Amino acid sequence: MKYLQLSILGLLSVLVVACQAYDEEMDAESNSQTEQIVRFPLGVRSASSVHGHHNPPVGASAAAEEEEAINNVVIAGVAQSSYNQTQHSLDVPSGALSRSFYFAANLTASDQTRVTGSSSPERLELNTLDYLKDNGELKNHSIPLVASLDNVKYSDFSANSGVVQSLLRYKKNVDFTRAFAKVEFIAVPQTSDITLTKIEVINVPKKFALGGVIADYDVKDQATYGYTVFNVPLKKESNNYVGTFYLPEHAVLNPVFSDPDTHNMTCLEFTYVDGENKEYKKKVRIAISSTDPVNNAKGKNGIVLRNYLFRKGPSLDKTADVPGVSF
């Protein structure tokens with residue numbers, strides 16, 4: 001399964017237009033004899049799925065279907081809408097259709113209200129722990145999703161040929177992208193006497209932005225932003241330790257991948273002991289590297305990128321991992 005990133009940041013200049021007060025638009029249309037309903041068919045993702053890998057992730061089919069399920073969806077600036085989960089569509093009273101639209105799905109009730117009342121939803125910053133558990137799993141099973149339609153025109157809609165003549169249907173699916181990254185790991189002990197005692201994800205941002213990456217997160221006011229830690233469950237398959245968790249998109253000012261640093265990059269940290277009960281720590285940083293062999297690595301060095309599948313396969317090797325030294 002492959003993730004495909006929406007170019008959300010490129011749409012910021014038009015989203016203000018997208019989020020004008022919907023009530024005003026309806027007033028402008030109040031002279032029409034028949035109130036029309038606009039229907040948006042909802043897809044989940046673009047033609048491909050996850051950025052980062054050409055092969056489907058482990059256990060992809062069932063897990064991906066659940067995480068991509070749309071439980072609720074709203075449009076920025078639109079106070080009233082009706083989501084039909086069976087038909088996978090969203091109906092809204094028609095207003096001015098020549099505009100741009102910004103959709104958000106799987107949000108908490110309070111965040112839905114913030115989006116429907118916002119004129120700049122792409123700038124909204126939400127709380128990570130409203131959506132992720134303290135072990136990095138999805139709190140409500142489904143991942144937050146976003147989508148944008150830029151410069152929509154009346155010709156992009158078609159009238160219903162059936163009995164309901166007041167229904168206008170958008171001709172394409174609204175395709176969503178995930179607001180989080182996903183991480184899968186397989187930690188491989190190199191000797192039989194190694195026992196893993198703890199798996200933590202450190203430097204997890206407490207905030208994420210709905211419309212794009214929060215830049216230079218490490219130098220922001222930590223009283224408002226700050227970090228949390230995920231404690232990933234110990235799960236063993238054969239002789240290896242495996243796990244999956246999610247991360248909010250963000251970037252740090254000066255990313256450092258292979259040496260100790262003070263820039264608060266997100267790390268996956270393994271703590272293990274050997275047969276003599278010596279304790280070792282192995283850290284693996286989670287972020288896009290400029291050397292990654294993928295098209296979207298260029299210009300994104302050090303970013304935990306939304307809609308991206310990170311796969312890590314660290315070796316737990318006591319001959320290389322010095323006790324007390326993480327890197």
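Over how many bridges do strand β5 (residues 99–105) and strand β7 (residues 145–152) pair, and is the sense parallel or antiparallel? The two strands pair over 6 bridges, in the antiparallel sense. That pairing gets its own close-up below, along with a few others, and everything shown comes from a predicted model.

**Figure 1. The whole chain, before we zoom in.** The chain has 4 helices and 22 strands. Half-and-half is the story for burial: of 327 residues, 50% count as buried. Take the contacts with a separation of 6 or more, and 79% of them come from residues 24 or more positions apart. The accessible surface of the chain is about 15,300 Å², with 47% of that belonging to carbon and sulfur atoms.

**Figure 2. An open sheet of 4 strands, with a helix lying across part of it.** The strand order is β2-β5-β7-β10, and the pairing is antiparallel. At the edges sit β2 (73–75) and β10 (177–178), each pairing on one side only. Look between β5 and β7 for the 6 bridges mentioned at the start; here R99 stands opposite V152 in β7. Helix α4 (residues 109–116) lies across β2 and β5, and it runs at about 20 degrees to β2. As background, strands of a sheet pair through backbone hydrogen bonds, either parallel or antiparallel.

**Figure 3. Strand β1 and its two partners.** How many of the 5 residues of β1 are buried? The count is 4, so strand β1 (residues 37–41) is mostly covered. With strand β4 (residues 89–93), β1 pairs in the antiparallel sense over 5 bridges. With strand β9 (residues 167–170), the pairing is parallel and runs over 3 bridges. R39 is a handy residue to find in this view: it stands opposite D91 in β4, and its bridge partner in β9 is R169.

**Figure 4. T266 and its surroundings.** T266 lies in the loop between β17 (250–251) and β18 (267–273). Is this loop residue buried or exposed? T266 is buried, because its relative accessible area is 1% and the cut-off for buried is under 20%. A polar atom of the T266 side chain lies 2.8 Å from the backbone oxygen of N203. The T266 side chain also makes a polar contact of 3.2 Å with the side chain of H250. Setting aside neighbours within four places in sequence, the residues in contact with T266 include V201, I202, P205, L247, V284, R285, I286 and V304.

**Figure 5. K318 and D193, a salt bridge between distant parts of the chain.** This pair forms a salt bridge in which the closest N and O atoms are 2.6 Å apart. K318 belongs to the segment after β22 (315–316), whereas D193 is in the loop between β11 (180–189) and β12 (195–205), so to speak a reach of 125 residues. K318 is partly exposed, at a relative accessible area of 28%. D193 is partly exposed too, with a value of 26%.

**Figure 6. Two salt bridges that involve strand β19.** The K283 and E269 side chains meet in a salt bridge of 3.7 Å, N to O. K283 is in strand β19 (residues 279–285) and E269 in strand β18, 14 residues apart. Which side of the burial cut-off does E269 fall on, buried or exposed? E269 counts as buried, at 8% relative accessibility, whereas K283 is partly exposed at 22%. In the other salt bridge, the side chains of D321 and K282 meet at 3.5 Å, N to O. D321 lies in the segment after β22 and K282 in strand β19, so this pair ties together parts that are 39 residues apart in sequence. D321 is buried, with a relative accessible area of 5%, and K282 counts as partly exposed at 22%.

**Figure 7. A network of salt bridges.** Which residues join E67 and E68 in this network? R178 and K182 do, and the four are linked by salt bridges. For the bigger picture, the structure holds 15 salt bridges. Side chains of opposite charge can pair when their charged atoms come close.

Key: Residues numbered from 1 in each chain as written. Predicted model: local features only at pLDDT ≥ 70, side-chain atom pairs only at ≥ 80, totals over all residues. Heavy atoms only, no water. Buried < 20%, exposed > 50% of the residue type's maximum accessible area, 1.4 Å probe, protein only. Polar contact = N/O pair within 3.5 Å; in protein donor to acceptor, adjacent residues only side chain to side chain. Contact = heavy atoms within 4.5 Å. Pairing = 2+ DSSP bridges. Axes fitted to C-alpha atoms, helices over the stretch in contact; angles between N-to-C directions. Areas by Shrake-Rupley, 256 points an atom, 1.4 Å probe, with all protein chains shown as cover.
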